[in-house]
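The paragraphs that follow walk through a predicted model, going from the chains as wholes to single helices, the cores and a few residues of the backbone. Please keep the structure open while reading.

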Amino acid sequence: MIIAHLDLDAFFAAVEELEDPRLRTKPLVVGGDPKGRGVVATANYVARRYGIRSAMSCAEALRRCPHAFFVRPSRNRYSAYSRTVWDCVREITPTVERTGIDEGYLDVGEVASDFGEARAVAEAVQISVRAATSLSCSLGVASCKVVAKIASDRRKPGGITVVRTGQERSFLAPLDIRLLPGVGPHSERRLSAAGIETIGALAELDDRELSTVLRGKVGRLLRHRAQGIDPRALAGPAEAISISHEETFPRDVESRTQLYAELNAMAGRVVERLDVLGQAGRTITTKVRYGDFSIRSRSRTLAEPTDQAERIGEVACQLLDRALQDRPGALRLVGVGVSNLVNERQLPLVDSSELQESSGAAAHAALTVRSEQEDGPHGT
Amino acid sequence: MNIKTSRDVLAEALQAVGRAVSARSTVQILSGILLRAEEQILEAAATDMEVSIRARVTAEVTETGAAVVPGRLLLDITRVLPAGEVALAYDANEGLLNLRSGSSSYRLNTYAAADYPRLPEPAPGELFAVPQEPFFATLARVSRAASRDESRPVLTGILVRLSGDRLTMAATDSYRLSVKETPLAAACDRDVDAIIPARALGELVRAGQASREEHLQVAVQDNQVMFGSNAAWLSARRIDGQFPNYEQLKPDGFEGEARIGRDELADAVRRVAVLAPRNTAMRLRFADSKLTIRAQTQDVGEAEESLPVAFSGESIEIGFNPQFLLEGVESVDSEEVRIRLINPLRPGLLAGERDDFWYLIMPIRLAS
């Protein structure tokens, strides 16, 4: 298996520079309003010299670089560029897995028989992308996804890093543990508390040591990745793995009634998307962001997938209650997501919510047949 | 307690009650089997608080008494003992059961019989007789539709309704529903309307098939239903709650009807189902006097089979869980299955030639 990970360099900013070449030499931030509560989506390499990074608040970016140019993202334009990029990548490596608007994996093994050829393929991709769009990208080439992904970030912008079979461990060993995909803030805290700062240190742990730092599957998965072992193949045509909708309020909101109304409205938006895709989801997530930017999310997995706005809204509101019970406060953002999506759904004969109500309560009326057609706007 | 009996008789009693021994109860004593020696009788009993079983066998009793012996252990021992006489002697002071057979002997720790829960017992006047064969036959037609999901207790039970000379049973897991009505040769003495755990009734069938009696003795109490004969008693906890009103779940009318040979259909479903792993849909297309069954697994492959069918109505494609479909087809007892459909999002109905049995099955909504 030879896989390449392609990452477009400072993608949003690069597109903006193409649209307005004068920006090229100036610190440029693509994101929200620096006077409001926007965050940085991408900064160009000039702005990065001032310490501006993705996900930083725009106000902070402005403080670090008062003469920076701030541009609002124009997603449609980025999508168009992204399509062109991937069209020309597919002409070289037909099998790709897009994992985002600006990154994805290429099945290089399909066209290259060894790492020498693989490097040539990666160079061809770079040249072709630059010719078609004037955009620069970086690639990592390796025997598995996790190493390719880390490698693509090593020589940015415009670099190619090839890690040959057998060199994965020595390549990863000196790198900061935070660079390992799958290490989130929680694992990072635990690893750092155990004195594990590099990927190599994680790779060296024996089972007993590992179990004291990271429990169960996650620990073994991350150690495998740290050792350069990652059996994941390229996934087929990207399907949605979750559908969500969220909104930042102009002003922090505390009123529970208003939050419920927002969540229910968002559940409706999510269901519109589910309808288009013909999917239903089992896991419902409510995300909240407090005034101090901290984020919490609460999820519940249902016994059966649902595509009903009322059900999603109801669960989302319960999850909101749970989040606010754990930590009360005014919210600057709420969101509703549905994941664990399925295309085909076993329809119920008896509605589960009615069943819950009726069990134990003999006085309740009989259950009714549930008809999808009568319930909602699904075609046959 | 001091008794003598044969290995086979002891094994018969223990195996009868073994299935009620609690496998994962936090109450230790429930993993035991209660042995009680009375005049010429050895009674074995076990319960997991949902199902209790008591079995009585004859034995040579020289001293009456009772002890609770670890169930699995005792079953394992009887399985490997040589054929012949077995002597059980309980030493109450030590709390040990001595088991001897030929030259082998065991000393087993026990639990105190006084700590064992009191098992339900029918009061003399409560018992009435129900013909066993129709009871079991009715049960066999519906039991597979019961749910195994403990989060909805009502659906793990089978609705048993006895009204005069009419026996009705129904079961549903909320995706399919199966209902069988059976006329009895004579009216029973009492009416019954109870939701009984499907698992308990399964045990009853196992026990009953061995006994081959003509009638089941039944007693219905507020919380328990008891079934049995002199040899063995099974009591089951009744499930609280309201069983779905199955008559209301049956659609008023259907758009199309197909008639297909039951065995041919079942075989075709089995063959195609190989390519429809758990919970994925099998597609049934009824068109032009032909039923085409298809299943597809991404990255694996697909299967297809066609069979001739008498179909009235507009052509339709509908998805079903293959297991639910197969169990429905197998529950029909006539040569031909009638499948009645409305549209791909409404329930389908499977029935035989008569109207005394029906199996309602909800489709899987197919991806377009």
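How many helices and strands does the secondary structure of chain B come to? Chain B has seven helices and 27 strands, whereas chain A is made up of 15 helices and 13 strands. Of the 368 residues in chain B, 42% are buried, and for chain A the figure is 37% of 380 residues. Among contacts with a separation of 6 or more, residues 24 or more positions apart account for 67% in chain B and for 61% in chain A.

Before turning to details, it helps to see how confident the predictor is. Chain B averages a pLDDT of 91, with 98% of the residues scoring at least 70, while chain A averages 84, with 89% of the residues at that level. Within chain A, strand β7 (residues 137–142) has the highest mean pLDDT of the elements, at 97, and helix α15 (residues 372–375) has the lowest, at 32. Over residues 352–380 of chain A the pLDDT is below 50, although this stretch has 47 contacts in the model beyond near neighbours in sequence. Where pLDDT is low, the predicted coordinates should not be read in detail. For the complex, the predictor gives an ipTM of 0.81 and a pTM of 0.58.

Chain B offers a clear example of a helix with two faces. An α-helix has 3.6 residues a turn, so residues three or four places apart point the same way. In helix α2 of chain B (residues 71–80), the buried residues are B:Gly71, B:Leu74, B:Ile77 and B:Thr78. These residues lie on the same side of α2(B), because they cover an arc of only 135 degrees around the axis. The face turned away from that buried side carries the exposed residues B:Asp76, B:Arg79 and B:Val80. On the inner side, the buried residues of α2(B) pack against several elements of chain B, including α1 (7–18), β2 (32–38), β3 (41–47) and β6 (65–70); β8 (96–101) and β9 (104–109) of chain B are also among the packing partners.

From this helix one can move on to the nonpolar cores. The largest nonpolar core has 111 residues, and those with the most contacts inside it are B:Val17, B:Ile33, B:Ala44, B:Ile53, B:Ile158 and B:Leu234. Helix α1(B) gives the most to this core, with six residues. A second, separate core of 64 residues includes A:Ala68, A:Ala142, A:Cys144 and A:Ile160. What does B:Ile33 contact once its neighbours within four places in sequence are left aside? Its partners include B:Leu14, B:Val17 and B:Val21, as well as B:Ala44, B:Ala45 and B:Ala46, and B:Ile33 is also in contact with B:Val68, B:Val69, B:Gly71 and B:Leu74.

In chain A, helix α13 (residues 309–326) has 18 residues and reaches 26 Å from its first C-alpha to its last, close to the 26 Å expected at 1.5 Å a residue. Its buried residues include A:Ala309, A:Ile312, A:Gly313 and A:Val315, and, further along, A:Leu319, A:Leu320 and A:Ala323. The C-alpha atom of A:Ile312 is separated by 8.9 Å from that of A:Gly337, and these two residues are 25 residues apart along the chain. A:Gly337 is found in strand β12 (residues 331–342) of chain A, and A:Gly337 counts as buried because 21 other C-beta atoms lie within 10 Å. Not counting residues up to four places away in sequence, A:Gly337 touches A:Ser242, A:Ile243, A:Ser244, A:Thr285 and A:Lys287.

A few points of backbone geometry complete the tour. Most residues other than glycine have a negative phi, and most peptide bonds are trans. A:Ser134, which is not a glycine, has a positive phi of about 65 degrees; A:Ser134 is placed in the loop between α5 (115–133) and β7 of chain A and is exposed, with 12 other C-beta atoms within 10 Å. B:Gln40, likewise not a glycine, has a positive phi of about 60 degrees. B:Gln40 lies in the loop between β2 and β3 of chain B, and B:Gln40 counts as exposed, with 11 C-beta neighbours inside 10 Å. Finally, a cis peptide bond with an omega of about -5 degrees joins A:Lys156 and A:Pro157, and A:Pro157 is found in the loop between α6 (145–152) and β8 (160–162) of chain A.

Conventions
Residues numbered from 1 in each chain as written. Chains lettered and ligands numbered in written order. Predicted model: local features only at pLDDT ≥ 70, side-chain atom pairs only at ≥ 80, totals over all residues. Helix = DSSP H or I, 4+ residues; strand = E, 2+ residues; numbered from the N terminus. Expected span 1.5 Å × (residues − 1). Buried ≥ 20, exposed ≤ 12 C-beta atoms within 10 Å, placed from the backbone. Arc of directions from axis to C-beta. Contact = placed C-beta atoms within 7 Å. Core = buried A, V, L, I, M, F, W, Y, C linked by C-beta atoms within 7 Å. pLDDT = per-residue confidence, 0-100.
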